Amino acid sequence: MRTMTSDSGEEVEAVLVRSESADAQGINSLISSSALTISGRVNIIPLLEKANLAVTVTNRKDDILAHASFLDHPVGGLVDQAHWQRFLQKHFSAENCTPLNTLFLHLFVAQKNFATASVKKIMRAVFNAVPELEYICLVTPNIIDLEPALKDTFEWLQRLTEPGPRCLALICHRWQHCPRLHIRSAREEDHDDIMHIFNRYTKLLDQPYVLAELIEAQNEDNHSAVCEVAGVTVGFICVTADVDLKKLRRGFELSDFNDLYKPQQTELCEPAVSTDPGEDDEELRQSQTSTLQQHKRTCSAGEELSQKPNAFCIQLFVIDKKYEMRSLDFLPYVFKCFPDLDFCVITLPTYSAAFPLLQSFLRVPPRANSALVNELYIFHRVGLRPVEVRPAVAADRPAVSSLVEGLTLSESLLEDLDCFYQSRSDPDGLKLQAFVAQVGVEVVGIVIIGDEQEIEFIRAHYNIESFIYFSHHSSEEHARIRHFVLKPSFQHFTKHVFKDVLRLSHRSCLYHRLYPPHHIQQNSCVHHLDFVLNCAVPVRPRRQIIYPLEELGINAPSSRITEEQAPFALYLISRKLTLEPKVTINAQIVVVGASDTGLSFLEVLCLCPHLRFNNLTLISTHGFPGDYDHEDVGFLSTSHAYSSRNLAQLPLRSCVRVVTGKMVGIKRESQQVLVSGGVKVPYDYLILCTGLQYRVPCPTGVDLNQPVTKGELQNQAARRRYTGPVPSNLFTLNDLHDCMAARQWLCANFVDLEDNAVVYGNNIDAYTTVETLLSLGVRGSRIHVVLPPPEPGVSCFSDPAVEKAVATATEKAGVQVHSNCVLAQMNNGEHPDPLTSVTFTTDAEPLHLQCAVFINLSNKRVDHDAFCSISRSFLVFDSRLVINSSFLTNDSAIYGAGPVTKFSRRYHSDEMCHANFNSKEVGQELAAALLQLIDPTQERVNTLPSDMDRLVPLYKQAKIQGGKLPGGFNYLHVTEPAAIKPTHPPLDHLEDRRIVTGRVETGNYFCLHLDCFGQVGTITCFSLKSLPVSNYLTLYGKPQHMLGQMLSRYHQGLIPDLYSFLRRSQFLAVYHDRFSDFHQELQQKMSNTLTDEENQVVLRSCIVKYLSYNANLLPMFACGGQVGQHN
């Protein structure tokens, strides 16, 4: 906060922030008659929604002192927003005003005493926040006296036509509030001033004479410069032409830039480009040369690169924080220092914080196996030239064709462009609009958009209302990005391109759909995708209600909402986001293990709207896990955390680099992860969440003629690791890739035969595997389930009735079950491949089984390669990876989470390990902990006191398990997280809180248990019909009175069947993804201090508001003067 002085001399601490919808009421209270002169009658919410930039000045108490809204077109209906430039330059002396460098003030309000100080503060902040901005205009048809503070800030635009349009036209110049920095060559007498800035902001110069030597050593290849404000040095830059291009070429993909060398037979010299707004446009056009084509052309087969470098680099750079947004002012100067070089490059460590200068640079992706730990940014001199966006015309067709040549799906782009030229619509009649970006006379970009006709589907399935106030955007204002191509040299103008596309097309929101790479819907030509992602915000998918459509009939939601569509990740660009920069995080964050914990961690990071992570890496044994559908593959049970559809709706593929392989080592000194195949993955933060895996069973090899106890054999088998050749027909199933491979092998080599299958394991996965084998057509008599001795206190199913029913169904299918068996031999101790027989020790005689396939679901432990990597890198391992309460291992750069971890013994809570909690929630908490360190927008949390660090974090979300069991039963078990699972039968006094309907034998069993607070604590479903899992998961933690006084109704005999009861339309509001927010709001508004009648009024008002706002998904409810329900 900074002090602001009112007209009367009162001083207050004030801060300027971007305006939000919640500020509308406070802004309304400041509106006076003078405010109405700018925009006429003002409706604040729509104005905030459509404003490109809206800012508010508040005091320490969050009282609003002033507000201003800026748009990219003049006020009201004076002129069409797409044509204001021609209008303004025709009637007023505004020849330098362009869409790139001009904004328009639509509203300014302030407390009377703070108007003058506020307008100065706002103007200075706006010019500082938008580096390209040169002018703020006030053009309005409402001719009434202005606020005195505005009169002092703006000056009149000179009229060129008389009488001309009837309007007010004023202008405010950048130089009056936030002038460009004066750049000059550094001199020796600048040394102390520069060192003061370095000492204040960085520790780069720890040698006392380095700076003096750099300044003194200036020549044609080395230059230093300073920037000044009112004669005071506020920044320094040092550049050199001595660049190790070979090293950069080895580490980064530089083919698009001719490897930073000058091509032979190509004239690349370009005069230094000035960004002075006063420079004549025709002179700029004449200075354009063939360098503009450089990123498109590559050397022909017979043309070789010369060894003449074409780049210089920034060695040192520092600037006062107050002026860092003007860092771009250095670039014209440094390019003048090297008139023959076209590229400016800068490298910096991945862990260093990004600074505003980099927003104008293009990040170059590293090569796949690069060992460099630096980021490379490039700027081409043509990027100093302004970009103009206009509607495409037929004459642009050859230039666009040349621009997109060689790009993936370029044919689709050109087809849509031809459709636009011919009929302004695609073959399906969808309206198309096409725009080109040009520099001088050359086309450097193309954008094609179309109507978003499925906006109701998007609103229902994606949480776009986190970013826009949907009711204030008409359906015609939503559009979909069909194609986007922009030359890399101009990537820093991407936001401006989209801002102008929105203005010229009269739209307010642009959406980009990102389908999985294998999907047929992938038909958008987008180059580069990173340019779009840097501007757009990822939109979180919404949890869907599973509707009983037949029962609802005409009261069901529209088919446009409920119809099934191919899943996609969604990105949004709205007008108010076009001038909101993201914070770039270059830290190399490496996640080992595509577990629920790891995916949840990555989900949180990828969905941060204000952050852009450039170096997220997932190391996964079998690549990205979203390529298979669990329901189609089978075999393993599910936690219902992520399905292939869920993963396709998340932006993980576009934000995360996937390295396929296993972690085989960790080099803590050099901060690298060694991956099978020789790949080395550098990291700044390493996240270990490999989970636990079934491991190949190791036969005990005991003499079957000698007596031995099973306990000794089981402990021996668990400690030993199998090191022999793994039989080709032995499948250890740990993920969907393993399951798919097993399924394909079984269909090709086993299903049609008569040999036996052995399933070895004592858990729910063993039974889901049996059901999969049965569904493939394998007779039950061919399947042998071999159950190892169970761990003490552990059961496959928490409900004895379910366990009994599964055993009965397994027996009925003809499957043979063998209990308390330990694997002793494979192929009688001979060569195990292929595996034809297995022998087990039992309570009686040894068990000999012939088999054509052996499916292993036993011996779940930490993966051996993960264990070796952890232990050899001297991370503390005590049967699990040891962490503290903040997820940290004994290395401050390495974190652990999920079942692979346990808490340090100093917490005295061995039972409180992550394995006993919801893995998805653990991953979310891990992400929150890391964001505290790397997100510069978050306030740093002070280190906890040492006594507080002894507390183990607790988690609240339910543990979930489900799958399809023998007999075709669909199983779902939801329970509260518990460190120690109860093994004893429920006590009598707890039976009163159990609601049980149906029978396991008939396949309609439903058991629901309430905790001591009357909230749903455990859900068990065992049904022959498919389960609306998404609906049932929302029941967890809900108080029973919110569910229609379920317990009392049950005891009265009014709930004979929970399945039918929970299908009632009254519960659909509870299943809604925003019901929890509604419930929390209700609790806040209803108070003990209010009378019952007042609480009823509040309750009714909140319900009506909730149902009205969500009427698209809850049309079965009527809300108006009364709240009713259609039954």
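The legends below accompany an overview and several close-up views of a predicted model.

**Figure 1. Overall view of the predicted chain and its dimensions.** The chain, which holds 35 helices and 54 strands, has C-alpha atoms that fill a box of roughly 105 × 80 × 65 Å along the principal axes. Its radius of gyration is 34 Å, which agrees with the value near 32 Å that a compact globule of 1127 residues would have. Buried residues account for 54% of the 1127 residues, and the accessible surface of the chain comes to about 50,100 Å², with 49% of that area belonging to carbon and sulfur atoms. Of the contacts between residues at least 6 apart in sequence, 73% join residues that are at least 24 apart. The chain carries 102 positive and 125 negative charges, and the mean positions of these two sets are 2 Å apart.

**Figure 2. Close-up of Arg507 and the residues it touches.** Arg507 sits in the loop that runs between helix 15 (494-505) and strand 22 (509-514). Its relative accessibility is 3%, and because the limit for a buried residue is under 20%, Arg507 counts as buried. The side chain of Arg507 makes a polar contact of 2.9 Å with the side chain of Gln433. Leaving aside residues up to four places away in sequence, Arg507 touches Gln433 together with Lys431, Ile449, Asp451, Glu476, Glu477, His478, Ala479, Leu502 and Arg575.

**Figure 3. Close-up of Asn1112 in the loop between helix 35 and strand 53.** The loop that holds Asn1112 follows helix 35 (1092-1109) and leads to strand 53 (1117-1119). With a relative accessible area of 15%, Asn1112 is buried. When residues up to four places away in sequence are not counted, the residues that Asn1112 touches are Glu456, Arg459, Ala460, Pro557 and Ile561.

**Figure 4. Close-up of the cis peptide bond from Glu162 to Pro163.** The peptide bond that leads from Glu162 into Pro163 is cis, and its omega is near 5°. Pro163 itself is placed in the loop between strand 7 (155-156) and strand 8 (168-173).

**Figure 5. Close-up of the cis peptide bond between His527 and His528.** In this view the two histidines, His527 and His528, are joined by a cis peptide bond whose omega is about 0°. His528 is found in the loop between strand 23 (526-527) and helix 16 (529-535).

**Figure 6. Close-up of Asp62, a residue other than glycine with a positive phi.** The backbone of Asp62 has a phi near 65°, and the residue is located in the loop between strand 3 (53-59) and strand 4 (64-71). Asp62 has a relative accessibility of 60% and therefore counts as exposed, the limit for that class being over 50%.

**Figure 7. Close-up of Phe887, which has a positive phi and is not glycine.** Phe887 belongs to the loop between strand 45 (881-883) and strand 46 (894-896), and its phi is near 75°. The relative accessible area of Phe887 is 6%, so this residue is buried.

Methods: Residues are numbered from 1 along each chain as its sequence is written. This is a predicted model: local features need pLDDT of at least 70, side-chain atom pairs count only at pLDDT 80 or more; totals for chains, interfaces and linings use all residues. Side-chain values use heavy atoms; hydrogens and water are left out. Helices (H or I, at least four residues) and strands (E, at least two) are DSSP runs, numbered from the N terminus. The radius of gyration is taken over C-alpha atoms; the globule rule is 2.2 Å times the number of residues to the power 0.38. Buried means under 20% relative accessible area, exposed over 50%, partly exposed in between (1.4 Å probe, protein chains only). Contact means heavy atoms within 4.5 Å. Accessible areas come from the Shrake-Rupley method with a 1.4 Å probe; for residues, only the protein chains shown count as cover. Lys and Arg count as positive and Asp and Glu as negative; His and the chain ends are not counted. The place of a charge is taken as NZ of Lys, CZ of Arg, CG of Asp or CD of Glu. A polar contact is a pair of N or O atoms within 3.5 Å; within protein, one must be able to donate a hydrogen and the other to accept it, and residues adjacent in sequence count only if both atoms are side-chain atoms.
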